[in-house]
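The following note sets out numbered comments on the coordinates displayed below. Each point takes up one element or region in turn.

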Amino acid sequence: MEPASEQLLEIYTNMVRSRAFEELVISIMPKGKIPAGWMSGVGQEGIVGALSGLREDDYVTYTHRGAYYFLCRGSDPGRILAELYGKRTGYCGGKGGRHLADTKHRLFGKSGTIGGHAPIAVGLATAVQIRGEDSVVMSFFGDGTSNRGTTHESMNLTSVWKLPLIWVCENNGWAGLTPSSMSTAYTDVADLAEAYSIPGRIVDGNDVLEVHEATREAVARARAGAGPSLIELKTYRIREFAEGGWFPTGYRDPEEVEAWKKRDPIERFRAVLLSRGVLTAGQVEEIQQKAVEEMQVAQKFADESEFPPVEDAFTDLYA
Ligand SMILES: Cc1ncc(C[n+]2csc(CCOP(=O)(O)OP(=O)(O)O)c2C)c(N)n1
């Protein structure tokens, strides 16, 4: 079922906000204010389609890439940026950096080791099942991360226990600086679904409506108690592996990057909405302007926030 016009506009707005946050971080990065580093999600905003099918009481664990998860769930971009700066007002008091979590919005973050968040997602889904709630968990991971033992063990357990979890693979064709073909034995991550006896589906990750439809079905299934699903989004990261010039470049064929730029998920969705009359040229301008202004407010907040005092180094410790 196609989302109503209001929801279509919300999806588009969140894609534009995600891109605006990226552009802000990219513009700040050369100033050396973001010690945490940043892995850009430019080009992968089709993921908003998956997030838009969730309720407030659902849970999310995410990869290391992009800010769409946070912005779609209602996190404050100022507090995200403050976290990247290492400031006290950040979501983790400046201690998480880009490994941030916003538990109020049920975003249980990522682990410093890729795939480390998969068992966390299983734990969340198990808690939901034990408590008899009807929330679901959506856990995102990259194609490189699909190789981790933690990912496989977690997928297996969700199937055995019929947990309410939707596995969403963001397959951008590269595991860091290594092409998937050199690191992964299978071409389609969705093929893992068969091994774990769960439904699996491949979708065009740059077609936000296709992403929305596929994940909506998987969410409904999980919420009904029928168990997990695996959805693979075929997409691409337009930027380098990480911002800040820390990693080598030049390993990708520029033509590959250019070809994917032409499939920009935001531009594609905008064209669809304009042709259907859901969006007007005036609204395009307005949404863009509002997103830029929101990010300016975020930057001011992060810039004006304090760094944590030295004593904070001794809090939030287990021992
Ligand atoms: C266990 C572990 N190995 C290696 C790394 C370093 N690392 C961080 S991101 C990344 C690439 C992961 O590839 P993928 O899951 O496809 O995500 P992408 O960066 O391509 O979006 C690697 C190897 C890590 N964080 N943890």
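1. Strand pairing in this note follows one rule: two strands pair if DSSP finds at least two bridges between them. The model under discussion is a predicted one. On the pairing rule, 5 strands form an open sheet in the order β1-β2-β3-β7-β6, and the pairing is parallel. Strands β1 (59–61) and β6 (200–204) stand at the edges with a single partner strand each, so one side of each is left without a neighbour in the sheet. From one strand to the next, the twist averages 20 degrees.

2. The edge at β1 may be taken up next. β1 pairs with β2 in the parallel sense over 3 bridges. Within this pair, Y59 stands opposite V137 of β2. Beyond the strand, Y62 is found in the loop between β1 and α3 (68–73). Y62 has 28 C-beta neighbours inside 10 Å and counts as buried, because the criterion for burial is 20 or more such atoms. Apart from neighbours within four places in sequence, the contacts of Y62 are Y69, L107, K110 and F140. F140 is itself a buried residue of β2, on the side to which M138 and G142 also point. Y62 and L81, 19 residues apart in sequence, are separated by 17 Å from C-alpha to C-alpha.

3. How many residues of strand β2 (residues 137–142) are buried? The count is 6 of the 6, so the strand is largely enclosed by the rest of the structure. In a regular strand the side chains alternate between the two faces of the sheet. In β2, V137, S139 and F141 point one way, while M138, F140 and G142 point the other way, and all are buried.

4. Strand β2 is joined to β3 by 6 bridges, and the two run parallel. M138 has I166 of β3 as its bridge partner. The connection passes through helix α6 (residues 149–160): β2, this helix and β3 make a right-handed β-α-β unit.

5. The pairing of β3 (residues 165–171) with β7 (residues 229–234) is parallel and extends over 6 bridges. Two partner pairs can be inspected directly: W167 has L230 of β7 as its bridge partner, and N171 has K234 of β7.

6. Strand β7 merits its own comment. 6 of the 6 residues of β7 are buried, so this strand is largely enclosed by the rest of the structure. Both faces are covered, with S229, I231 and L233 buried on one side and L230, E232 and K234 buried on the other. The charged residues E232 and K234 thus lie on the side that also holds L230.

7. At the other edge, 5 bridges join β6 to β7, and these strands run parallel. G200 stands opposite L230 of β7. Helix α9 (residues 208–223) lies across β3, β6 and β7, and runs at about 170 degrees to β7. Together, β6, α9 and β7 make a right-handed β-α-β unit.

8. One residue of helix α9 is worth a separate look: R216 has its place there. R216 is partly exposed, with 17 other C-beta atoms within 10 Å. Although R216 and M1 are 215 residues apart in sequence, their C-alpha atoms are 9.1 Å apart in space.

9. Is E83, found in helix α4 (residues 77–85), buried or exposed? E83 is buried, with 30 other C-beta atoms within 10 Å. Residues up to four places away in sequence aside, E83 touches G90, Y91, C92, G94, G96, G97 and L100. T13, by comparison, is 70 residues away from E83 in sequence and 23 Å away in space, C-alpha to C-alpha.

10. The ligand surroundings complete the comments. Of the 16 residues around the ligand, those that come nearest are G142, G144, T145, A175 and G176. G142 also belongs to β2, where it is buried. By class, the shell around the ligand has 9 polar, 4 nonpolar and 3 charged residues.

Terms used:
Residues numbered from 1 in each chain as written. Predicted model: local features only at pLDDT ≥ 70, side-chain atom pairs only at ≥ 80, totals over all residues. Helix = DSSP H or I, 4+ residues; strand = E, 2+ residues; numbered from the N terminus. Axes fitted to C-alpha atoms, helices over the stretch in contact; angles between N-to-C directions. Contact = placed C-beta atoms within 7 Å. Near = placed C-beta within 6 Å. Buried ≥ 20, exposed ≤ 12 C-beta atoms within 10 Å, placed from the backbone. Right-handed = clockwise from strand over helix to strand, strands pointing away.
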